[in-house]
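The following paragraphs lead the reader through a single chain, beginning with its overall architecture and ending with individual residues. Please keep the sequence and the coordinates in view while reading.

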Amino acid sequence: HVVLDLTDLAYLETASYGLMMNLQRLVKESDYRFVLCGLSPHVKWQLSCVHLSRQFDTFDTREAAIMELAPEDAY
């Protein structure tokens, strides 16, 4: 799985959207999940403006993302 932690990111550059979509596709082809975490309100707003807010699974924190992706027998 891939967790992209955007906690320290104030905004996304335009090229970031395409890169994230490509990475998501590659990860999905390998039967894994690509998720985002730590999105600021502004980054959430940006994703909604380009109609990508529903494209990605998002989590408030890295820990929450890891717990969701961890195998059930890991805890």
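How many helices and strands are there in the chain? The model, which is predicted, contains 3 helices and 3 strands. Read along the sequence, these elements follow the pattern β-α-β-α-β-α.

The overall dimensions may be considered next. The C-alpha trace spans about 40 × 25 × 20 Å along its principal axes. For 75 residues, a compact globule would be expected to have a radius of gyration near 11 Å, and the value of 13 Å for the chain agrees with this. Among contacts between residues at least 6 apart in sequence, 67% join residues that are at least 24 apart. Of the 75 residues, 28% count as buried.

The surface and the charges complete this general view. The accessible surface of the chain comes to about 5400 Å², and carbon and sulfur atoms account for 54% of that area. The chain carries 6 positive and 11 negative charges, and the mean positions of these two sets are 7 Å apart.

Two glutamines deserve separate attention. Q24 is placed in helix α1, which comprises residues 14-29. Is Q24 buried or exposed? Its relative accessibility is 14%, and because the limit for a buried residue is under 20%, Q24 counts as buried. The side chain of Q24 reaches the backbone oxygen of Q55 at 2.9 Å. When neighbours within four places in sequence are left aside, Q24 is in contact with F34, Q55 and F56. Q55 thus appears both as a contact of Q24 and as the residue whose backbone oxygen is reached by the Q24 side chain.

The second glutamine, Q46, lies in helix α2, formed by residues 41-49. Q46 has a relative accessible area of 10% and is therefore buried. Which backbone atom lies 2.8 Å from a polar atom of the side chain of Q46? That atom is the backbone nitrogen of L12. Apart from neighbours within four places in sequence, Q46 is in contact with Y11, L12 and Y17.

Attention now turns to the loop between α2 and β3, where β3 covers residues 57-59. L52 is found in this loop and, at 12% relative accessibility, counts as buried. Residues up to four places away in sequence not being counted, L52 touches Y17, M21 and L47. One of these residues, M21, is 31 residues from L52 along the chain, and the C-alpha atoms of the two are separated by 9.3 Å. Y17 is a contact of L52 and also a contact of Q46.

H51 is found in the loop between α2 and β3 as well. In contrast to L52, which is buried, H51 counts as exposed at 71% relative accessibility. H51 is not a glycine, yet its phi is positive, at about 60°. Most residues other than glycine have a negative phi.

A positive phi is also found in D31, a residue other than glycine, with a value near 65°. D31 belongs to the loop between α1 and β2, the latter covering residues 34-37. Its relative accessibility is 71%, so D31 counts as exposed. How far apart in space are D31 and H1? Although 30 residues separate D31 and H1 in sequence, their C-alpha atoms are 8.6 Å apart.

Methods. Residues numbered from 1 in each chain as written. Predicted model: local features only at pLDDT ≥ 70, side-chain atom pairs only at ≥ 80, totals over all residues. Heavy atoms only, no water. Helix = DSSP H or I, 4+ residues; strand = E, 2+ residues; numbered from the N terminus. Buried < 20%, exposed > 50% of the residue type's maximum accessible area, 1.4 Å probe, protein only. Polar contact = N/O pair within 3.5 Å; in protein donor to acceptor, adjacent residues only side chain to side chain. Contact = heavy atoms within 4.5 Å. Rg over C-alpha atoms; globule rule 2.2 N^0.38 Å. Areas by Shrake-Rupley, 256 points an atom, 1.4 Å probe, with all protein chains shown as cover. Lys, Arg positive; Asp, Glu negative; His and termini not counted. Charge placed at Lys NZ, Arg CZ, Asp CG, Glu CD.
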